[in-house]
Amino acid sequence: MPEQPPYLRIADELRRRITEHEWTPGDRLPSRAQIAQEYGVGENVIRRAQELLISQGVLEGRAGSGTYVAAARQRVRMVRSSAREQPDGSPFRADMKAMAKLGDWESRTEAKVPAPAEIAARLGIGEGDLCVRTVYEFLADGKPVQLSTSWEPYELTAGTVVVLPEGGPHAGVGVVNRMAEIGITVSHAVEQPEPRQANTEEASLLGIQKASLVTHIRRTYYSDQGRPVETADIVVPAALCEIVYEILISR
């Protein structure tokens with residue numbers, strides 16, 4: 001088995017010392033130079049270890065002040081389930097209400113955007129075919145907790161009242177309910193979650209540090225004919241949110 005990288009070993013040690021209450025929430029850690037000397041490693045190793053723990057919400061960096069043990073905070077709970085599609089409301093708003101938070105979102109839609117190769121493959125259309133792209137920023141009590149970029153084939157909804165996901169009489173009701181308005185039955189969705197680090201733009205929008213851990217979900221909705229009708233890239237910060245999947249059991 002390959003030897004564990006030094007920064008991961010140091011991260012584990014710092015996490016252990018916090019768990020054992022050597023340092024408690026709000027405490028300022030010794031300087032990187034002091035910790036590096038204690039463990040016999042370079043300051044760059046300590047920096048990487050601390051950056052990892054900051055991305056996980058264990059530590060927090062304060063500009064010009066140092067690195068501190070982060071206070072425990074309640075993560076926003078996000079439930080992923082087909083049963084949560086509602087004809088008269090938003091699952092996101094329902095989740096936030098259950099946590100005594102106000103759920104809302106901001107969006108920006110562009111029509112007739114050429115599909116990049118990856119999106120085209122997910123939607124089963126040709127690269128460069130026109131799509132409706134909507135960028136979302138989901139908010140809990142006014143603070144961003146999730147990003148999403150949605151793509152729909154333009155020819156599917158062009159000329160209908162649901163061509164704009166957040167405009168018209170059926171704005172904001174979700175993919176399933178919008179498609180039903182034009183005679184398309186959405187039967188299922190496929191989601192592929194994977195952990196990765198936030199890029200610069202995502203970190204800025206979510207108010208987290210660059211390279212913080214996020215969960216990236218690739219979601220695609222399919223009609224009962226097996227046709228992809230929408231695909232989205234959803235980004236959720238791991239330190240702020242927990243993702244829960246609800247599995248329906250049919251008998």
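In this predicted model, Arg48 lies over the face of Tyr7, with 3.9 Å to the ring centre. A second arrangement of this kind involves Arg62, which sits over the face of Tyr68 at 3.8 Å from the ring centre.

Aromatic rings also meet one another, and the structure holds three aromatic pairs. One of them joins Trp105 and Phe138, whose ring centres are 5.8 Å apart and whose planes stand at 50° to each other, a tilted geometry. This pair connects distant parts of the chain: Trp105 belongs to strand E4 (residues 103–114) and Phe138 to strand E5 (residues 130–140), with their positions 33 residues apart in sequence. Are these two partners buried or exposed? Trp105 has a relative accessibility of 15% and so counts as buried, since the cut-off for burial is under 20%. Phe138, with a relative accessible area of 12%, is buried too.

Phe138 also pairs with Tyr136. Here the ring centres are 5.7 Å apart and the planes lie at 20°, so this pair is stacked; planes under 30 degrees apart count as such. Tyr136 is itself buried, its relative accessible area being 11%. Taken together with Phe92, the residues Trp105, Tyr136 and Phe138 make up one aromatic cluster.

Attention now turns to the packing of helices. Such packing is described by the angle between the two helix axes and the distance between those axes. Helix H1 (residues 6–19) packs with helix H2 (residues 32–39) at an angle of about 105°, and their axes are 12 Å apart. H1 is therefore roughly perpendicular to H2, because angles of 65 to 115 degrees fall in that class. Which residues make the contact? From H1 come Ile10, Glu13, Leu14 and Arg17, while H2 supplies Ile35, Glu38 and Tyr39. Sorted by class, the contact of H1 with H2 has four nonpolar and three charged residues, and no polar ones.

A last stop is Met96, found in helix H4 (residues 91–98). Met96 has a relative accessible area of 0% and is therefore buried. Leaving aside residues up to four places away in sequence, Met96 touches Val76, Arg77, Lys101, Leu102, Gly103 and Ala140. One of these partners, Val76, is 20 residues from Met96 along the chain, and the C-alpha atoms of the two are separated by 7.7 Å.

Notes:
Residues are numbered from 1 along each chain as its sequence is written. This is a predicted model: local features need pLDDT of at least 70, side-chain atom pairs count only at pLDDT 80 or more; totals for chains, interfaces and linings use all residues. Side-chain values use heavy atoms; hydrogens and water are left out. Axes are lines fitted to C-alpha atoms, for helices over the stretch in contact, and angles run from 0 to 180 degrees between N-to-C directions. Helices (H or I, at least four residues) and strands (E, at least two) are DSSP runs, numbered from the N terminus. Angles under 35 degrees count as roughly parallel, over 145 as roughly antiparallel, 65 to 115 as roughly perpendicular and the rest as oblique. Contact means heavy atoms within 4.5 Å. Ala, Val, Leu, Ile, Met, Phe, Trp, Tyr, Cys and Pro count as nonpolar, Asp, Glu, Lys and Arg as charged, and the others, Gly among them, as polar. Buried means under 20% relative accessible area, exposed over 50%, partly exposed in between (1.4 Å probe, protein chains only). Rings of Phe, Tyr and Trp (its six-membered ring) pair if their centres lie within 6.5 Å; planes under 30 degrees apart count as stacked, over 60 as edge-to-face and the rest as tilted. A charge sits over a ring if NZ of Lys or CZ of Arg is within 6 Å of the ring centre and within 35 degrees of the ring normal.
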